[in-house]
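Biologist: Please take a close look at a single part of this model, the open sheet, and describe how its strands are arranged.

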Amino acid sequence: MNIQYMRRALHLAKKGEGYTNPNPLVGAVLVRNDRIIGEGYHEAYGANHAEINAMLHATEDVRGADLYVTLEPCSHYGKTPPCAQAILNKGIKRVIVAAADPNPLVSGSGIALLWENGVEVITGVLEDESRRLNEIFFKYITTGIPFCILKTAMSLDGKIATRTGDSQWITGESARKQVHLLRHRAACVMTGVGTVLSDDPLLTTRLPGKKGKDAVRVIVDSSARIPLDAKVLNPDSDAPTILAVTEKAKNKKIEELEQKGVKIIVTPLTESGVDLAFLMKKLGEEGLDSVLLEGGSKLNDSALRQGIVDKVNFFIAPIILGGGTAKTAVGGRGVDFLKDAFPLRNLRTKRIGGDMMIEGYVGTG
Ligand code: AOF
Ligand code: ZN
């Protein structure tokens, strides 16, 4: 067993980012005599699983080879027949797995099928890396609730705009490119009507060289104040727009929006407007496995306090803006006491161009 082949399989899996949701990112490498004889990854939702692609691309007979795969081979008939059976049929001798499949349809039965039929199985090789790569899938397949990443771009002193509302751009070009990559990976990008009114964003994905995949745009707008000519309602994109409203929205406005092809989700009314936990559940029911939250000060606070945020990505520019009334990354009501603060774990920091990015997971885990 050579861990380098699992690294290669993880690298291949990443190539599917943005195209496989709500299915996982999976890579597979076939090895014989310390030589790669086949590689594959899950390229798009509904397409061949990674293991099958590795076998299809093999340059020689795979009988007796080792298979490195980042997720337990499946054992169920879904959009494709079970990979564990295909592995048996092809006479593969040994299977090295990074992480067990959390999908209740599989979870352990793929590995069991291989064992029972005389295939040696090694598990847990680069498991943490594989689970992190598939953090969206691991949450969504077990809960039905989308994985939510709160992204914000702020000055070193935590402001997302100056006192006068000037906000474009706080971070540099590299950081902004990174945001488009986050949009490409996510099933939805969510913002509040406040941001639509002040910035009129497109919220589409624009990556250098390639188009990237547009995410479904979700606008949180409890009383449907969004102007009918807002760019998010009239963009040059095939991805739909969803407006999350409450009973405060006027029927006439809802009809006008529906005529423009906007999908409306009505949630219960909470003290901060839209019930975000309810909304997340509804988005999950639509098959949407992830949300990139690009909210303003108030929506970020509501999202954290309503417990929908799994991970944060704070881009921090090396500038100081000051101003007691300048908006901060998380405003709204906040918490009353330090003991109520949202703790972050598994922190990582990255240098992105001239900016810093701090990533962390919400909760004590
Ligand atoms: C993938 N790609 O490479 C592997 C998957 O609906 P299906 O038939 O495509 O099955 C999806 C399930 O198959 C998925 O939830 C996961 O449990 C398992 N493995 N899925 O899309 C792959 N290996
Ligand atoms: Zn499979």
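Modeller: The description below starts with the sheet and then turns to the helix across it and to the chain.

This is a predicted model, in which local features need pLDDT of at least 70, side-chain atom pairs count only at pLDDT 80 or more, and totals for chains, interfaces and linings use all residues. Residues are numbered from 1 along each chain as its sequence is written, while chains are lettered from A and ligands numbered from 1 in the order in which they are written.

The open sheet has five strands (DSSP runs of E, at least two residues, numbered from the N terminus) in the order β2-β1-β3-β4-β5, and its pairing is mixed; two strands pair if DSSP finds at least two bridges between them. Because β2 (35–41) and β5 (120–122) stand at the edges with a single partner strand each, one side of each has no neighbour in the sheet. From one strand to the next the twist averages 20 degrees; axes are lines fitted to C-alpha atoms, for helices over the stretch in contact, and angles run from 0 to 180 degrees between N-to-C directions.

The partner of β2 is β1 (residues 27–32), and six bridges join the two in the antiparallel sense. One of the bridged residues is Gly27, whose partner in β2 is Tyr41.

Helix α1 (residues 3–14; helices are DSSP runs of H or I, at least four residues) lies across β1, β2, β3 (66–71) and β4 (94–99). Its direction is at about 145 degrees to β1. Contact here requires C-beta atoms, placed from the backbone, within 7 Å.

The chain as a whole comes to 11 helices and 16 strands.

Notes
Contact = placed C-beta atoms within 7 Å.
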